[in-house]
Amino acid sequence: MIIALNNKCNLLMPEFESYQKELTSLNFKSSKLILCPTSSYLPLYNLDNIDLGSQNVSKDEMGAHTGEIAASQLASLNVRYCIVGHSERRQELSESAKDINLKIKNLLAKNIVPILCVGETKEQRETNNTEQVIAEQVKIAVTDLTEEEKSKIIVAYEPIWSIGTGLIPTIAEIDNVLLLIKEIFPQSKTLYGGSANDENIEYLKTSKLIDGYLLGGLSLKIKKLQRFIDKIEN
Ligand code: PGA
């Protein structure tokens with residue numbers, strides 16, 4: 001199972017240093033962990049058994065783009081994975097589907113694995129538009145990509161109404177969406193993200209289509225994270 005830790009915009013620098021120390025005490029065997037810290041902390045990464053991911057990348061390559069980080073700069077920091085299209089960026093920063101497509105292309109050109117996030121709002125769910133919304137998000141994100149390029153992308157289903165709320169969809173709902181994603185990306189790994197924790201993991205584990213998890217809040221709670229990993233691995 002893939003376990004991607006999305007720290008979001010959390011931790012001060014000294015806290016990040018001790019957080020990394022705590023991560024070295026995590027016990028895991030079959031899981032593959034990916035740490036996505038706040039971007040300023042990317043150069044501080046010093047873990048052997050956890051891969052490094054970024055929370056974002058620029059849609060442009062290096063040059064006059066103040067405040068951005070280009071895919072080649074991420075590659076020079078040993079970043080192997082990068083979250084793209086997180087709903088917080090789509091909503092708060094008006095990141096468009098076209099931008100997400102450009103970001104994916106830049107990452108693939110530098111051999112960084114995109115973790116593409118897709119998900120519906122509460123309203124879209126309540127009006128039965130989930131599948132249509134996800135299909136549309138995915139379709140634009142992979143515009144002009146070859147099948148081989150598509151196979152390199154990890155797709156994370158993150159219902160927006162579930163992120164940080166403690167609410168999760170039913171397994172039937174998750175599996176419906178993951179089936180749809182796997183039709184478009186037959187070879188890609190599919191993650192679930194949105195309030196996944198050490199208590200609901202027993203239920204989430206019953207899905208046959210989840211290849212891993214994208215964790216926000218839980219990424220910062222090492223004891224609970226350890227319990228989560230133990231329950232996945234045993
Ligand atoms: P959450 O966040 O686990 O805190 O719900 C998940 C995410 O936003 O990636």
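**Ligand shell and cysteines in a predicted model**

By class, 3 nonpolar, 7 polar and 2 charged residues form the shell around the ligand. The model is predicted.

Q: What makes Asn6, Lys8 and His86 residues around the ligand?
A: A residue counts when one of its heavy atoms lies within 4 Å of the molecule. Asn6, Lys8 and His86 are on that list, which also includes Ile163, Gly164, Leu214 and Gly216.

Q: Why is the pair between Glu158 and the ligand called a polar contact?
A: A polar side-chain atom of Glu158 lies 2.7 Å from an oxygen atom of the ligand. The cut-off is 3.5 Å, so the pair is a polar contact.

Q: What makes the backbone of Gly217 a polar contact partner of the ligand?
A: A backbone N or O atom of Gly217 is 2.8 Å from a ligand oxygen atom. That is within 3.5 Å, so the pair counts. Ser195 also offers a polar backbone atom, 2.7 Å from an oxygen atom of the ligand. Taken alone, the ligand exposes 280 Å², and the protein buries 94% of that.

Q: Why is Cys36 called buried?
A: Its relative accessible area is 0%. Buried means under 20%, so Cys36 qualifies.

Q: How do you know that Cys36 is in no disulfide?
A: The nearest cysteine sulfur, that of Cys82, is 7.7 Å away. A disulfide needs sulfur atoms within 2.5 Å, so this pair fails. The structure holds 0 disulfides.

Q: What makes Cys117 buried, and how do you know that Cys117 is in no disulfide?
A: Cys117 has a relative accessible area of 2%, under the 20% limit, so it is buried. Its nearest cysteine sulfur, that of Cys36, is 9.2 Å away. The limit is 2.5 Å, so there is no disulfide.

Note on methods
Residues numbered from 1 in each chain as written. Predicted model: local features only at pLDDT ≥ 70, side-chain atom pairs only at ≥ 80, totals over all residues. Heavy atoms only, no water. Polar contact = N/O pair within 3.5 Å; in protein donor to acceptor, adjacent residues only side chain to side chain. Areas by Shrake-Rupley, 256 points an atom, 1.4 Å probe, with all protein chains shown as cover. Nonpolar A, V, L, I, M, F, W, Y, C, P; charged D, E, K, R; others polar. Buried < 20%, exposed > 50% of the residue type's maximum accessible area, 1.4 Å probe, protein only.
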